[in-house]
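Please work through the exercises below with the sequence and the structure open beside you, and try each task before reading its solution.

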Amino acid sequence: MGAQDLEKPKCQGADCSNDAGQLQCPKCQKLGKDSFFCSQDCFKRNWGTHKAVHGTQSSNPLGNLFTPKVISEPDAEGHYNPFPTFPFTGPLRPVYPLSPRRELPESIKRPDYAADGTPYSEQIFINRNKVKILNNEEQNAMRKVCKMGREVLDIAARACKPGVTTDYIDEVVHNACIERDAYPSPLNYSKFPKSVCTSPNEVICHGIPDQRPLEDGDILNLDVSIYHGGFHADLNETYYIGDKAMADPDSVRVVETCREALDKAIEIVKPGMLFRDPGNYIEKHAKNRGCSVVKTYVGHGVHTLFHTAPNIPHYAKNKAIGEAKAGMCFTIEPMISIGTHKDKTWPDNWTSVTQDGSRTAQFEHTLLVTETGVEVLTARFPDSPGGAIPMPTPVEASS
Ligand SMILES: [Zn+2]
Ligand SMILES: [Zn+2]
C-alpha cells in the first residue's frame, strides 16, 4: 500500500529544476496523469519531448497558439475551454479565463442587484401582470437613458472588427457607461459576470464576453443595457464582422430578416395593441424567409426595473396577457434562427445557443407607447454603425 506523496512536485521540464507551479499539462489532465510545470514557457519548450508520455492520440497545443478556436489545451496566453467535455452544438467555444470583474466609481448609482446579484425589487409577485404607466417626468428619464444606451451601443459596435476579443468590447462598454455616470445593467444581474452580452454566430443571447477574437465572417449581437437616473435602457443589434460575413447569403438572410421583423412588430405598437400580437407579425416574416423564431426569451417591461411586466413573446399564437397603453415602456427583441428555434444553454448557465448550431440574429429596441403610436427610445442616430445591407448577389457560375 502506498502513501500519499506529500513532497512538493518538481517541474517536469527536462532542463528545469524549479518547483512545479499550478500549471498542469491539459492533455495529461485529460488522460488522468499528473504533470506539473513551473511556467507556460517551460511547458512550451519541453512540449516536443513531453508529448511522448501521452501515447499515440496526442494533439499539439502549439497548433492552437495563433488560432482563435482554442480548445482545451491552454495556448501561449493560457487560454482554455472550461467545458471540454460539453457537447457543443456548433463550432463556437468559450475562451477562458474571463477577465477580472470590472470596477466602477463609488459615485455611480447602482441598481439593487449590483452588490449580491439578486434583483430584489423584480421579485414582487403581487399584481405581477400590472404594467407601470410612466408619468411625464419618468418618460423623460427613459428618453435620456435610452439615448445614452444608443451612444454606448454605437461606440461598442465601432470597436468590433476581426481580431478584437469580446472581452475588449466589454471593456469599451464598461468605460462608456462610466463616462456617462451610468451602471452597465448586466453586471452582476443574477450574477452575470460582465457589463454587456456578446453573442456571436450560433449564440442566441446572453453570451459572456471572453478571450475569443472576432473572426472575419462572424455575425455578432451586442446587447447593451444601462442604468442612469434610476431607469434602465435596453437595446441590441447584430453586426457583420468583416467583409466575409456581408458576402455570406445565410448570415445576411438571418440578420436582415430579424432586423425587418422587429421593424414590422414596432409598426403595430399603439394603445390597444395586445401583447400577444407582435409575435404573429414576427413569426410570419421569419417563416417567409425560411427562418424560425426562438421561444424561450421574450420582450419585457423596462423602466426602474430591468425586467418586469409585460411579457412579449416573439412567436405566433402565444397567450401573452394584456394590452398596450400610453405611458408604458417595454422592449421587443426577436431572436431569429436560420435553423431550429430550439435552444440549449452552456454550462456557464448563461450562453444560449441553437441546438443545431445554426446561426441566429437578434435586434432590440426600448419602446414608449404614446397616445397615438410609439416612440422608439433607442432609435438609431443618422451616423450609427451597422444598418441594413442587401442580399449579396450570388457568384455566377462561368458558362
Ligand atoms: Zn437587451
Ligand atoms: Zn431586453
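The exercises concern a predicted model, and each task is followed by a worked solution.

**Exercise 1. The chain as a whole**

Task: State how many helices and strands the chain has, what percentage of its residues is buried, and what percentage of the contacts between residues at least 6 apart in sequence joins residues at least 24 apart.

Solution: Begin with the secondary structure, which comes to eight helices and 17 strands. Turn next to burial: of the 399 residues in the chain, 43% are buried. Finally, take the contacts between residues at least 6 apart in sequence, and 68% of them prove to join residues at least 24 apart.

**Exercise 2. Helix 5**

Task: Check the span of helix 5 against the value expected for its number of residues, then find which of its residues are buried and which elements they pack against.

Solution: Helix 5 covers residues 166–179, and its 14 residues, at 1.5 Å a residue, should span 20 Å; because the C-alpha atoms at its ends are 20 Å apart, the expected and computed spans agree. For the second step, recall that a residue counts as buried if 20 or more other C-beta atoms lie within 10 Å of its own. The buried residues of helix 5 are Thr166, Asp167, Ile169, Asp170, Val172, Val173, His174, Ala176 and Cys177. These buried residues pack against helix 4 (136–159) as well as against three strands, namely strand 3 (183–184), strand 4 (197–200) and strand 6 (219–228). As a last step, look just after helix 5, where Asp181 takes a positive phi of about 55°.

**Exercise 3. The sheet containing strand 12**

Task: Give the strand order of the sheet that contains strand 12, name its edge strands, and find the residue that stands opposite Ser292.

Solution: The sheet is open, with three strands in the order 8-12-15 and antiparallel pairing. Its edges are strand 8 (292–293) and strand 15 (360–362), each of which pairs on one side only. Strand 8 pairs with strand 12 (residues 335–337) in the antiparallel sense over two bridges, and Ser292 stands opposite Ser337 in strand 12.

**Exercise 4. The sheet containing strand 14**

Task: Do the same for the sheet that contains strand 14, and add the average twist from one strand to the next.

Solution: This open sheet has three strands in the order 5-14-13, again with antiparallel pairing. Strand 5 (203–205) and strand 13 (343–345) are the edge strands, each pairing on one side only, and the twist averages 45° from one strand to the next. Strand 5 and strand 14 (residues 352–354) are joined in the antiparallel sense over two bridges, with Ser352 in strand 14 as the bridge partner of Cys205.

Note on methods
Residues numbered from 1 in each chain as written. Chains lettered and ligands numbered in written order. Predicted model: local features only at pLDDT ≥ 70, side-chain atom pairs only at ≥ 80, totals over all residues. Helix = DSSP H or I, 4+ residues; strand = E, 2+ residues; numbered from the N terminus. Expected span 1.5 Å × (residues − 1). Buried ≥ 20, exposed ≤ 12 C-beta atoms within 10 Å, placed from the backbone. Contact = placed C-beta atoms within 7 Å. Pairing = 2+ DSSP bridges. Axes fitted to C-alpha atoms, helices over the stretch in contact; angles between N-to-C directions.
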